[in-house]
Amino acid sequence: MNETSPSTAPSISQPAGELPIPVFYSPAMVADSQSFSPSAGKPALAVQSWQLLGLPLQFRTPQPLSAEQFGVAHDPEFVADILSCRRRNGFGNRSRAVAASLPLTSGAMLSAAREALKNKIGAIAPCSGFHHAGYDFAGGYCTFNGLMVTAAVLLAEGKARKVGILDFDQHWGNGTQDIIDRLHLENEVVHYSPSEYSRPAKAEAFLAAIPKILERFAGCDLVLYQAGADPHIDDPLGGWLTTEQLYRRDRAVFEGLKHLGTPVAWNLAGGYQHDDEGGIRPVLDIHDNTMVAFVEAHGHAVIPASPFANREAA
């Protein structure tokens, strides 16, 4: 993959002794979805926010997916209809801007997964809008299922024998499970979402259970992690974890996968809060904490910019 030029993505200087953190981003991933969901425009906002953390980020251009690659996990006719705007996308419209962004958003997920397999630690795709898209349907602000496209392509190429999908978004990944079932990938794709928790009274039990949850991914060559912001207690479509608990969730995931020796490619998933100015600053703060948790889990010092900087790094 090529690194993005300074004109297309900001450059972060690399502090001495620290490995760069690969982030697969392109401005072409961004679109106006004309929707309640901010997901199509969120990649640029998340990247801009991460810039302010002072981390050794290395921006790389994702490889866009071809129609044939989408067709490994989706019905080819559905793929053609979506890309040509003959069918409504996951936002409920036929936006050409959204259609043009789709090869890059799912492409970022696949590119991050390839890099994670290569560096054996992890990589980031600042995208969302995957898990409600099924084999031949879109919905819930999701058009193509970049999680399952990534898993299916890597399996077909022989780059992975088993792929995990850890979905900590607020909502069940019905589209992910649909594709697993339709393609009979139950033995090759391990899919988990914590639907048995999902209320404040069970928040601490959920956090305590994460090490046990991660055990089901032992033997996976790679885990695709959806670090959703919508389980936040103030999210209009969520409502059970505080900001600090979401940070602890992510820290436990990254430390647990590191202990297993399993690389991770992670994305942003959902998040629908707005601030008083109409922006999504509360959502971006959660995504900032996910990035901080990832960096801290892999041996860097606690990041001073984190609101949890007084918490010792493991």
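In the predicted model, the side chain of Asn 89 lies 2.8 Å from the backbone nitrogen of Phe 91. Asn 89 sits in a loop that runs between helix H3 (76-83) and helix H4 (96-119). Its relative accessibility is 7%, so Asn 89 counts as buried, the cut-off being under 20%. Beyond neighbours within four places in sequence, Asn 89 is in contact with Ile 82, Arg 94, Ser 95, Val 98, Ala 138 and Thr 143.

Asn 89 also lines a cavity, the second largest in the structure. The volume of this cavity is about 40 Å³. Among its other lining residues are Ile 82, Arg 94, Ser 95 and Val 98, which are also contacts of Asn 89. Helix H4 gives the most to this lining, with 3 residues. By class, the lining comprises 5 nonpolar, 3 polar and 2 charged residues.

The structure holds 2 cavities of 30 Å³ or more. The largest has a volume of about 140 Å³. Its lining counts 18 residues. Nearest its centre lie Ala 40, Phe 91, Leu 102, Thr 105 and Ser 128. Phe 91 is thus placed by the largest cavity, while its backbone nitrogen is reached by the side chain of Asn 89. Leu 102 lines the second largest cavity as well. H4 supplies the largest share of the lining of the largest cavity, 4 residues. That lining divides into 12 nonpolar and 6 polar residues, with no charged ones.

The protein chain as a whole contains 9 helices and 7 strands. Of its 314 residues, 57% are buried. Among contacts with a separation of 6 or more, 75% join residues 24 or more positions apart. The accessible surface comes to about 12400 Å², and 50% of it belongs to carbon and sulfur atoms.

Definitions and conventions: Residues are numbered from 1 along each chain as its sequence is written. This is a predicted model: local features need pLDDT of at least 70, side-chain atom pairs count only at pLDDT 80 or more; totals for chains, interfaces and linings use all residues. Side-chain values use heavy atoms; hydrogens and water are left out. Helices (H or I, at least four residues) and strands (E, at least two) are DSSP runs, numbered from the N terminus. Buried means under 20% relative accessible area, exposed over 50%, partly exposed in between (1.4 Å probe, protein chains only). A polar contact is a pair of N or O atoms within 3.5 Å; within protein, one must be able to donate a hydrogen and the other to accept it, and residues adjacent in sequence count only if both atoms are side-chain atoms. Contact means heavy atoms within 4.5 Å. Accessible areas come from the Shrake-Rupley method with a 1.4 Å probe; for residues, only the protein chains shown count as cover. On a 1 Å grid over the protein atoms alone, a cavity is a set of points where a 1.4 Å probe fits but cannot get out, and a pocket is an open set with protein on both sides within 12 Å along at least five of seven lines; lining residues have an atom within 4 Å of a point. Grid points are joined across faces, edges and corners, and a volume is the space filled by probe spheres set on the points. Ala, Val, Leu, Ile, Met, Phe, Trp, Tyr, Cys and Pro count as nonpolar, Asp, Glu, Lys and Arg as charged, and the others, Gly among them, as polar.
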